[in-house]
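User: I am in my first year and would like a close look at one part of this structure, namely a pair of packed helices and the charged pairs around them. Please take me through it step by step.

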Amino acid sequence: MDWMEYTILTTTEGSELVSQILLDAGSTGTMIEDKNDVRANQRPEGRWDILDESIARRMSDDVKVTGYFQVDGGLGDRIAFIEGELRRIRSLDLGMDLGKLTTLRHDVAEQDWTESWKAAFKPFRLGEHMLMKPSWEDVETRPGDHVIEIDPGMAFGTGTHETTGMCVKLVEKYVKPGQRVIDIGTGTGILAIAAAHMGANPVLATDLDAVAVRVAAENVKINGFEGVIDVRCGDLLDVVEESGDVVIANIIADVIVNLAKPVRERIVDGGLFICSGISLERREDVLSALKDADFEVLDDLNEGEWCAMAARKRG
C-alpha cells in the first residue's frame with residue numbers, strides 16, 4: 001500500500017494546532033521537524049540522539065509538520081478538509097504566528113516509510129526516570145528508571161515535544177501510588193503509562209480520535225498495564241464519569257481555558273490538574289482561568305516556547 005506525506009510549513013507556536021488538523025483529517029501519524037527542538041536537546045541527557053549544532057543550522061527556519069495518508073479513494077476529501085481548515089485558521093485572530101501554512105506533498109512506499117521511522121526514533125529520556133524506546137533498540141537504565149516501550153509504526157506522538165517532557169516531570173513529582181488518574185487527550189498513551197509507572201491505579205485515558213485510542217490501547221498492553229489503564233474513545237470529559245486525584249491534559253491553551261471549570265468537577269478536593277500544550281503567549285490566559293476556577297498553581301514550568309502547570313483544587 002502506498003502512502004502520501006503531506007507537509008505543512010508553520011512555526012513552533014503553530015505546530016500543535018497544525019498537527020491536530022492533520023490528525024482530524026485522518027492522518028495515521030504526524031511528525032514535527034523543528035530546529036528549536038534540536039537546540040533544546042543539546043545536553044548530556046538530551047531526549048534525542050542529536051548532539052551536533054550543525055544539524056540545526058541545516059534545518060529550515062520553517063517548522064515542518066507532516067501527516068501520513070493512505071492513497072485511496074478518500075484522499076481527495078481528506079486533502080480538501082485540510083485546505084479548508086488552513087483557510088479557516090488564516091482568517092482567525094488566534095494570537096499566534098502560524099507562519100506560511102504552505103503545503104508540500106510526497107508519495108512514499110510503506111516499507112520506506114516504516115524504515116524512515118526506525119532510523120529517526122531512538123531511545124530518549126523524559127523527566128528524570130522515564131525512558132522511551134522502540135522495541136528494536138536497547139537502552140541502559142539507571143536506578144529508579146522506568147522504560148516505556150512504544151513502536152510508532154503508523155501512529156503518532158512519540159513524546160519528543162517539550163509539552164510532553166514537562167508533563168512527565170510533573171507526573172513524576174505529583175502522582176503517588178494508588179491515586180486515580182485521568183488523562184484527557186491521551187494520544188499514544190505516554191502520560192497515562194507514565195502515571196501507571198508512578199503507581200497510579202486505576203488510570204483512565206480518553207481521546208476523541210479512534211486511531212489514537214487503538215494505538216494507546218496497544219501501547220498499554222505492550223507495557224503491561226492492561227489491568228490498570230482503561231482507554232476510552234470520547235471528546236474530553238464526555239466519557240468521564242469518575243473523579244480523579246489527578247487529571248492530566250496535554251492539549252492546547254484554548255481547550256485548557258475552557259476546560260478549567262468543568263474539569264474541576266472531575267477532581268477530588270485537594271486533587272491536581274496537570275496541564276500543558278500552552279504557548280508562552282497564552283500563559284497568563286491559562287493562569288487566569290485556573291484562578292477563576294479556584295485552583296492554586298503549584299508549579300509553572302516553561303521550556304522553549306511552551307509551558308506546563310500543576311494546580312491544586314481548593315477544597
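Analyst: What follows starts with two packed helices, then turns to salt bridges, and ends with two buried residues elsewhere in the chain. Please keep in mind throughout that this is a predicted model.

Two packed helices are described by the angle between their axes and the distance between the axes. Here the two partners are helix α9, which covers residues 253-264, and helix α10, which covers residues 283-292; they pack at an angle of about 10°, and their axes are 8 Å apart. Since angles under 35 degrees count as roughly parallel, α9 and α10 are therefore described as roughly parallel to each other. On the side of α9, the residues that make the contact are Ala 253, Ile 256, Val 257, Ala 260 and Lys 261, while α10 brings Asp 285, Val 286, Ala 289, Leu 290 and Asp 292. Sorted by class, this contact of α9 with α10 holds seven nonpolar residues and three charged ones, with no polar residue.

A salt bridge is also found beside this pair of helices. Side chains of opposite charge can pair when their charged atoms come close. Arg 282 and Asp 254 form such a salt bridge, with 2.6 Å between the closest N and O atoms. Arg 282 lies in the loop between β12 (267-279) and α10, whereas Asp 254 belongs to helix α9, so the salt bridge ties together parts that are 28 residues apart in sequence. The two partners can also be described by how much of each is accessible: Arg 282 is buried, because its relative accessible area is 14%, and buried means under 20%, whereas Asp 254, at 36% relative accessibility, counts as partly exposed.

Beyond α10 the chain takes part in another salt bridge, in which the side chains of Arg 314 and Asp 294 meet at 3.2 Å, N to O. Asp 294 sits in the loop between α10 and β13 (295-303), and Arg 314 in the segment after β14 (306-313), so this salt bridge ties together parts that are 20 residues apart in sequence. Arg 314 counts as partly exposed at 40% relative accessibility, and Asp 294 counts as partly exposed at 30%.

These two examples belong to a wider set, for a search of the whole structure finds 18 salt bridges. One of them joins the side chains of Asp 145 and Arg 125, at 2.9 Å from N to O. This salt bridge links distant parts of the chain, 20 residues apart, with Asp 145 in the loop between β6 (130-133) and β7 (146-149) and Arg 125 in strand β5 (residues 124-126). Asp 145 is buried, with a relative accessible area of 15%, and Arg 125 counts as buried at 8% relative accessibility. Elsewhere, Asp 230, Arg 232 and Glu 242 are linked in a network of salt bridges.

Asp 62, found in the loop between α3 (53-58) and β3 (63-70), counts as buried at 15% relative accessibility. Its side chain makes a polar contact of 2.9 Å with the side chain of Lys 100. If neighbours within four places in sequence are left aside, Asp 62 is in contact with Leu 9, Thr 10, Glu 33 and Lys 100.

Lastly, Ala 212 lies in helix α8, residues 210-222, and counts as buried at 0% relative accessibility. Ala 212 and Gly 29 are 183 residues apart in sequence, yet their C-alpha atoms are 9.4 Å apart in space.

Note on methods: Residues are numbered from 1 along each chain as its sequence is written. This is a predicted model: local features need pLDDT of at least 70, side-chain atom pairs count only at pLDDT 80 or more; totals for chains, interfaces and linings use all residues. Side-chain values use heavy atoms; hydrogens and water are left out. Helices (H or I, at least four residues) and strands (E, at least two) are DSSP runs, numbered from the N terminus. Buried means under 20% relative accessible area, exposed over 50%, partly exposed in between (1.4 Å probe, protein chains only). Axes are lines fitted to C-alpha atoms, for helices over the stretch in contact, and angles run from 0 to 180 degrees between N-to-C directions. Angles under 35 degrees count as roughly parallel, over 145 as roughly antiparallel, 65 to 115 as roughly perpendicular and the rest as oblique. Contact means heavy atoms within 4.5 Å. Ala, Val, Leu, Ile, Met, Phe, Trp, Tyr, Cys and Pro count as nonpolar, Asp, Glu, Lys and Arg as charged, and the others, Gly among them, as polar. A salt bridge is a side-chain nitrogen of Lys or Arg within 4 Å of a carboxyl oxygen of Asp or Glu. A polar contact is a pair of N or O atoms within 3.5 Å; within protein, one must be able to donate a hydrogen and the other to accept it, and residues adjacent in sequence count only if both atoms are side-chain atoms.
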